[in-house]
Amino acid sequence: MTDTVQERVERVQGAIAGACARAGRRVAEVGLVAVSKTHGPEAVQAAAAAGLTIFGESKVQEAAQKIPQCPGRIEWHMIGHLQTNKVRHAVTLFRMIHSVDSWKLLEAIDRACGEDGARMPVCLEVNVSGERSKFGIPPAEVPGVLEKSAGLGRVQVAGLMTMPPFDPETENARPFFARLRELRDQWRAETGFALEQLSMGMTQDFAVAIEEGATWVRIGSAIFGERPKREKGAAGVGEEGE
Ligand SMILES: *Cc1c(COP(=O)(O)O)cnc(C)c1O
């Protein structure tokens, strides 16, 4: 692949605009998180030069090393599994956390982001597919977590996130995205939480996710190129936690 980051960013933005047009949505409704995990500061700089401002990382350690090497007006989002013992560090690095997969983690984030008075927007990660290898809160438990979270003053549950099962056939992801939106509508009616953010869609399936209502797409390979393959056990594609 000889195309530049600039060209890839333009292609991704074009595809986002195309999906928005098909769905009758405005491009401004869909935020792009450029997932820079495994890629160095030079790659981030190139994407920032191409106009991107929001970058996603899935490991606290890696982000802590990279972020100081990436000056400029960049906003960092946490998109991977977060261990409670790394929360204090995480809240100093990230402006939003997409991957809150337990009540315990939500509470820990609330405790940790107290000091400077800023509220931390988060998405609850929902295990829509029920795959055992996936992180995420089982749908049946989400309303309970939402109700308890009303008592937390610093964390703001802004929406939901999901990862469909890995499938090379992009259309097979659609029912999982549609299901998350339906669950959102149902929980909105039941709990009064607006849950405006739907973080769903990656390189493989972001166009479908936008058609189904995504407000955040998290895109890595289409912008930065393929990541080096890692030997990993049960965790599915993209579920690279700490
Ligand atoms: C790695 C990762 C992405 C980006 O994956 P691509 O297929 O490279 O676009 C998105 N979301 C999460 C949670 C990830 O871990």
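Axes here are lines fitted to C-alpha atoms, for helices over the stretch in contact, and the angles between them run from 0 to 180 degrees between N-to-C directions. Helices (H or I, at least four residues) and strands (E, at least two) are DSSP runs, numbered from the N terminus. The structure shown is a predicted model, in which local features need pLDDT of at least 70 and side-chain atom pairs count only at pLDDT 80 or more, while totals for chains, interfaces and linings use all residues. Residues are numbered from 1 along each chain as its sequence is written, and side-chain values use heavy atoms, with hydrogens and water left out.

The chain as a whole comes first. It has 9 helices and 8 strands, and along its principal axes the C-alpha trace spans about 50 × 40 × 35 Å. The radius of gyration, taken over C-alpha atoms, is 17 Å, which agrees with the value near 18 Å that a compact globule of 242 residues would have; the globule rule used for that comparison is 2.2 Å times the number of residues to the power 0.38. Buried residues, meaning those under 20% relative accessible area (exposed is over 50%, partly exposed in between, with a 1.4 Å probe and protein chains only), make up 52% of the 242 residues in the chain. Contact means heavy atoms within 4.5 Å, and among contacts between residues at least 6 apart in sequence, 62% join residues at least 24 apart.

From the whole chain we turn to a pair of helices. Two packed helices are described by the angle between their axes and the distance between the axes. Helix α6, residues 142–149, packs against helix α7, residues 174–191, at an angle of about 45 degrees, and their axes are 11 Å apart. That angle makes α6 oblique to α7, given that angles under 35 degrees count as roughly parallel, over 145 as roughly antiparallel, 65 to 115 as roughly perpendicular and the rest as oblique. The crossing of the two helices is right-handed, a term used when the near helix is turned clockwise from the far one by less than a right angle, whereas an anticlockwise turn makes a crossing left-handed. On the α6 side the contact involves Val142, Pro143, Leu146 and Glu147, which meet Trp187, Glu190 and Thr191 of α7. These residues of the contact divide into 4 nonpolar, 1 polar and 2 charged, where Ala, Val, Leu, Ile, Met, Phe, Trp, Tyr, Cys and Pro count as nonpolar, Asp, Glu, Lys and Arg as charged, and the others, Gly among them, as polar.

Trp187 of helix α7 deserves a look of its own. At 2% relative accessibility, Trp187 counts as buried, and, leaving aside its neighbours within four places in sequence, Trp187 is in contact with Val126, Pro139, Val142, Pro143, Leu146, Leu160, Gly192 and Leu195. One of these partners, Leu195, lies in the loop between α7 and β7 and is buried, with a relative accessible area of 1%. Phi of Leu195 is near 50 degrees, a positive value in a residue other than glycine. Phe193 lies in the loop between α7 and β7 (197–199) and, neighbours within four places in sequence aside, is in contact with Leu146, Ser149, Ala150, Val157 and Arg188. Between Phe193 and Glu147, which are 46 residues apart in sequence, the C-alpha to C-alpha distance is 9.0 Å.

Helix α5, residues 103–112, has 7 of its 10 residues buried, so it is largely enclosed by the rest of the structure. Those buried residues are Trp103, Leu105, Leu106, Ala108, Ile109, Asp110 and Ala112, and they pack against α4 (87–93), β4 (96–100), β5 (120–125), α6 and β6 (155–161). Ala112 and Trp187, 75 residues apart in sequence, are 27 Å apart in space, C-alpha to C-alpha.

A few single residues elsewhere complete the tour. Thr38, in the loop between β1 (31–35) and α2 (41–49), has a positive phi of about 75 degrees although it is not a glycine, and at 36% relative accessibility Thr38 counts as partly exposed. Val60 lies in helix α3, residues 60–66, and is buried, with a relative accessible area of 1%. Ser221, in helix α9, residues 221–224, counts as buried at 17% relative accessibility, and its contacts, leaving aside neighbours within four places in sequence, are with Thr203, Glu226 and Arg227.
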